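Take a look at the structure shown below. This report walks through its pockets, its surface and its backbone.

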Amino acid sequence: MIVTILDVVVAGLLLGGIYALISVGLSLQYGVARVLNVAHGEFMMLGALTTWSLNRAFGLNPLIAIALCGPVAFGVGYGLHRTLFKRLRTSSPSLAVFEGNSMLASFGLLFIIQNLASIAWGTEIRAYTYLAYPVNVFGALFAANRLVTLAFAVVIGVVFYLFLVRSRLGKAIRAAAQDPTIAGLMGVNINQVLALCFGFGALMAGLAGLLVSMSYPVHTTMGLEYTIITIIVVVLGGLGSIPGSFIGGFVLGLIGSIVTKIEPGLSLAAYYLLFMLLLWIKPTGLMGK
């Protein structure tokens with residue numbers, strides 16, 4: 001019984017760590033940059049398949065690949081905001097119009113990225129072997145790669161949160177999230193901060209994809225499912241709340257693990273049910289205002 005509970009809890013924390021990481025990125029992009037990026041999961045897919053390619057072509061350790069995938073994902077996200085979304089923001093007559101236009105643009109990005117990825121990698125399911133040996137934890141056996149994935153997801157999430165709380169740039173980002181006009185008057189370069197937020201969001205998604213590839217098979221159509229789950233986590237934690245997204249990711253991961261243990265086919269239905277209940281009972285989320 002204890003082994004079964006431990007198995008469900010660790011599996012839930014693993015899923016939750018990945019959900020938390022990718023959700024922090026989307027929360028930052030929407031909470032500060034005001035872009036509901038429907039293509040967010042595609043950055044995760046790119047991170048996963050790029051890591052797979054590096055491992056298969058050069059035998060590169062996926063944890064070392066962080067040094068390559070992270071900056072590239074950040075650069076792509078930063079560049080997208082400085083070009084596409086900055087143009088939409090300056091040409092939109094109001095924030096509401098910008099949010100609508102940016103969401104439609106991100107739909108276009110979703111299909112462009114997914115089709116280009118299908119051309120590059122095909123539609124087959126890809127996987128590689130990494131730390132595929134069991135580790136005994138209080139009598140329960142877990143694959144070492146899953147424990148490493150969980151540990152790195154927590155460490156990356158905590159380091160990023162401390163960066164937002166302690167650093168000068170993090171304080172500028174939080175100021176822009178509360179009131180971009182006042183933050184601009186106080187000397188914050190809003191266009192630069194918004195682009196950085198979008199870049200950091202893409203970075204989080206890319207790193208989440210890298211971690212997913214260590215434990216699960218990956219493919220070019222995996223992004224949309226993760227985007228939907230991420231939106232549920234962001235609403236669960238509270239729109240724009242970084243700590244809320246982190247907590248919400250682990251809560252949803254544990255719920256998914258419990259439901260999967262009972263009936264594997266009902267996990268996604270449980271997520272949607274939770275989403276609808278949350279909108280009905282507490283639409284501001286766990287830590288929303």
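The text below covers two pockets, one surface patch and two unusual backbone angles. The model is predicted.

**The pockets**

Rolling a probe the size of a water molecule over the atoms shows where empty space is left. The largest pocket has a volume of about 880 Å³. Its lining is made of 33 residues, and G31, R174, A177, Q178 and G240 are the closest to the centre. Several helices give two or more residues to this lining: α1 (2-31), α4 (95-121), α5 (144-166), α6 (168-178) and α10 (242-262). Which element gives the most to the lining of the largest pocket? That is α6, with five residues.

The second largest pocket holds about 510 Å³ of space. Here 21 residues form the lining, and L15, Y19, Y216, E225 and Y226 lie nearest the centre. At least two lining residues come from each of α1, α9 (223-237), α10 and α11. The largest share belongs to α1, which supplies four residues.

What kinds of residue line each pocket? The table gives the split.

| Pocket | Nonpolar | Polar | Charged |
|---|---|---|---|
| Largest pocket | 19 residues | ten residues | four residues |
| Second largest pocket | 13 residues | six residues | two residues |

**The surface patch**

Now turn to the outside. L268, Y272, L273, M276, L277, W280 and I281 make a nonpolar surface patch of about 770 Å². One of these residues, I281, sits in helix α11 (residues 267-281). Is I281 buried or exposed? I281 counts as exposed because its relative accessibility is 64%, and the cut-off for exposed is over 50%. Helix α11 also helps to line the second largest pocket, with at least two residues.

**Two backbone angles**

Most residues other than glycine have a negative phi, and most peptide bonds are trans. Two residues here have a positive phi.

R34 is not a glycine, yet its phi is positive, at about 60 degrees. R34 lies in the loop between α1 and α2 (40-58). Its relative accessibility is 25%, so R34 counts as partly exposed.

L131 is not a glycine either, and its phi is positive at about 50 degrees. Where is L131 placed? L131 is in the loop between α4 and β1 (134-137). With 27% relative accessibility, L131 counts as partly exposed. Partly exposed covers the range between the buried cut-off, under 20%, and the exposed cut-off, over 50%.

Terms used. Residues are numbered from 1 along each chain as its sequence is written. This is a predicted model: local features need pLDDT of at least 70, side-chain atom pairs count only at pLDDT 80 or more; totals for chains, interfaces and linings use all residues. Side-chain values use heavy atoms; hydrogens and water are left out. Patches are made of residues with over 30% relative accessible area and no salt bridge: like charges are joined within 9 Å, nonpolar side chains (Val, Leu, Ile, Met, Phe, Trp, Tyr) within 5 Å. Accessible areas come from the Shrake-Rupley method with a 1.4 Å probe; for residues, only the protein chains shown count as cover. A salt bridge is a side-chain nitrogen of Lys or Arg within 4 Å of a carboxyl oxygen of Asp or Glu. Buried means under 20% relative accessible area, exposed over 50%, partly exposed in between (1.4 Å probe, protein chains only). On a 1 Å grid over the protein atoms alone, a cavity is a set of points where a 1.4 Å probe fits but cannot get out, and a pocket is an open set with protein on both sides within 12 Å along at least five of seven lines; lining residues have an atom within 4 Å of a point. Grid points are joined across faces, edges and corners, and a volume is the space filled by probe spheres set on the points. Ala, Val, Leu, Ile, Met, Phe, Trp, Tyr, Cys and Pro count as nonpolar, Asp, Glu, Lys and Arg as charged, and the others, Gly among them, as polar.
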